[in-house]
Amino acid sequence: MRLHIGIDDTDSPNGMCTTYLGAILYRELSRIAEPIDLPRLIRLNPNIPYKTRGNGAVAMTFEVNEELITEVKNTVLFYVDRLADFEHENTNPGVVFVEGEIPKELVEFAMKALREHVTIEEAEEAARNAGVEYFKFKVGRGIIGALAAVAYPLKRFTYELLAYREPDNWGTPRRVDKESVFLADSWSYPFTYDNVDPYKRSVLITPHGKDPVLVGIRGIDRGKVLQTFEMVRFEEPVTFYQLYKTNQNTDDHLTYKKIGELKLYDSAVVRGTVVKPYWERGRHVFFELEDETGRIRVAAFEPTKKFRNYVRKLLPGDEIIAAGGVKEHDGVLTLNLEKFYPVKLVPRIEYQKPKCPKCGGTMKSKGDYLKCKRCGHKMPKKLIPVEVPRELERKIYEVPPDARKHLSRPLVLPGGEERVLEIVTDGQ
């Protein structure tokens with residue numbers, strides 16, 4: 001019998017990691033059952049406020065002899081009970097078991113959990129209606145991610161290799177040779193990506209929390225991911241590693257919506273017209289976007305760095321496609337910008353001094369008249385409108401790697417340029 005297992009919300013900011021627990025379970029269960037493909041790391045809605053770090057849940061599928069199903073389930077529950085960080089108030093694990101085929105209604109639930117806000121009650125109702133066995137620990141919020149991870153269709157996927165640390169090193173700085181990471185990246189990019197930030201000369205594969213992860217290497221070619229890992233030099237022991245199949249960097253969290261349809265915590269793509277000039281507050285850049293159904297504030301926050309320069313070049317009247325997550329900022333519903341595409345740009349007009357009508361020289365302002373620097377000719381002060389080139393192109397602009405959400409698809413990947421436009425086309 002085919003058994004699908006989903007686990008979520010076992011970690012906390014103080015340590016532990018659901019992928020670590022998942023990797024241990026995958027090894028343990030493979031001794032008594034036949035794994036069907038790699039384990040899956042499924043990232044869910046990145047805007048949920050009570051999410052764990054990357055809002056990632058783990059799922060795996062095994063072919064299990066019927067007499068061993070109880071042993072498999074008990075093994076899962078044992079490791080969750082043993083390894084989850086129950087001391088943290090926001091750690092509320094959930095486990096689900098689905099036997100046989102995944103019901104269609106669970107797939108729909110999974111897509112909703114990826115793009116919108118869903119409740120524990122909705123997850124329980126979906127599980128009961130589908131006849132799914134589930135277990136809640138404490139509040140049990142993890143059943144949302146566990147159920148979604150099991151049912152997620154994963155039509156588009158990438159890979160992530162996660163290497164884990166010795167427990168004694170958890171919470172200490174990761175010791176990875178920086179130059180070896182840059183060398184490995186130069187060999188495998190773009191088949192692996194987001195390994196480094198070339199502008200800051202910083203390493204991105206090492207997380208910063210107290211969790212067991214030493215490095216995470218992402219890519220679209222599993223062979224290149226493994227080879228890149230082998231090229232990196234580690235200055236501390238690696239206990240083991242696990243390759244996951246994942247929905248990271250697919251843009252599958254984005255769905256097309258009209259501005260008036262947007263709700264808090266949505267992940268969406270909208271199309272609208274820029275209204276009013278941009279403004280800044282605390283190094284954050286804001287503007288407003290509207291369509292025939294409503295208006296919303298859009299933000300490019302300080303961590304997006306140079307991306308904000310492109311946002312500053314937008315003018316009232318520009319028509320753009322914008323992708324991001326809906327949150328509240330200062331009590332106002334705001335689309336946190338991940339990427340945008342200029343559809344139609346209005347002319348940019350600047351008023352300039354004319355050339356001297358006598359000699360073609362440069363005119364200089366003198367109070368209420370103009371005077372030629374070359375021949376001294378004077379004339380009434382009158383500026384002329386001149387259309388100047390816009391500094392934006394018809395292409396997608398994205399935030400830098402260290403500000404990118406797990407689910408956002410980098411433009412360097414195949415289909416990265418087309419994916420957002422495809423979402424809009426499908427939605428319309």
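Biologist: Hello! Which residues does Glu-99 touch, not counting residues up to four places away in sequence?

Modeller: Happy to help, and please keep in mind that this is a predicted model. Glu-99 lies in strand β5. Leaving out residues up to four places away in sequence, the ones it touches are Met-1, Arg-2, Leu-3, Ile-69 and Lys-73.

Biologist: With which side chain does the side chain of Glu-99 make a polar contact?

Modeller: A polar contact needs a pair of N or O atoms within 3.5 Å. The side chain of Glu-99 has such a contact at 2.9 Å. Its partner is the side chain of Lys-73.

Biologist: Does Glu-99 count as buried, exposed or partly exposed, and what is its relative accessibility?

Modeller: Buried means under 20% relative accessible area and exposed means over 50%, with partly exposed in between. Glu-99 therefore counts as partly exposed, its relative accessibility being 39%.

Biologist: Let's turn to helix α3. How far apart are its end C-alpha atoms?

Modeller: Helix α3 covers residues 104–115, which is twelve residues. At 1.5 Å a residue it should span 16 Å. The model agrees with that, because the end C-alpha atoms are separated by 17 Å.

Biologist: Against which elements do the buried residues of α3 pack?

Modeller: The buried residues in α3 are Leu-106, Phe-109, Ala-110, Met-111, Ala-113 and Leu-114. These buried residues pack against β3 (40–43), β5 (94–99), α4 (120–129) and α5 (142–151).

Biologist: Now strand β7: how many of its residues are buried?

Modeller: β7 runs over residues 158–165 and is mostly covered. On one side, Thr-158, Glu-160, Leu-162 and Tyr-164 are buried. On the other side, Tyr-159, Leu-161, Ala-163 and Arg-165 are buried as well. The count is eight of eight.

Biologist: Which residue of β12 stands opposite Leu-161?

Modeller: β7 pairs with strand β12 (residues 238–246) in the antiparallel sense, over eight bridges. In that pairing, Leu-161 faces Leu-243.

Biologist: And which residue in β11 is the bridge partner of Ala-163?

Modeller: β7 also pairs with strand β11 (residues 213–219), in the antiparallel sense and over six bridges. There, the bridge partner of Ala-163 is Val-215.

Biologist: One last stop: which strands stand at the edges of the open sheet β20-β21-β22?

Modeller: Three strands make up this open sheet, in the order β20-β21-β22 and with antiparallel pairing. Each edge strand has a single partner strand, so one side of each is left without a neighbour in the sheet. The edge strands are β20 (363–366) and β22 (378–380).

Technical notes:
Residues numbered from 1 in each chain as written. Predicted model: local features only at pLDDT ≥ 70, side-chain atom pairs only at ≥ 80, totals over all residues. Heavy atoms only, no water. Buried < 20%, exposed > 50% of the residue type's maximum accessible area, 1.4 Å probe, protein only. Helix = DSSP H or I, 4+ residues; strand = E, 2+ residues; numbered from the N terminus. Pairing = 2+ DSSP bridges. Expected span 1.5 Å × (residues − 1). Contact = heavy atoms within 4.5 Å. Polar contact = N/O pair within 3.5 Å; in protein donor to acceptor, adjacent residues only side chain to side chain.
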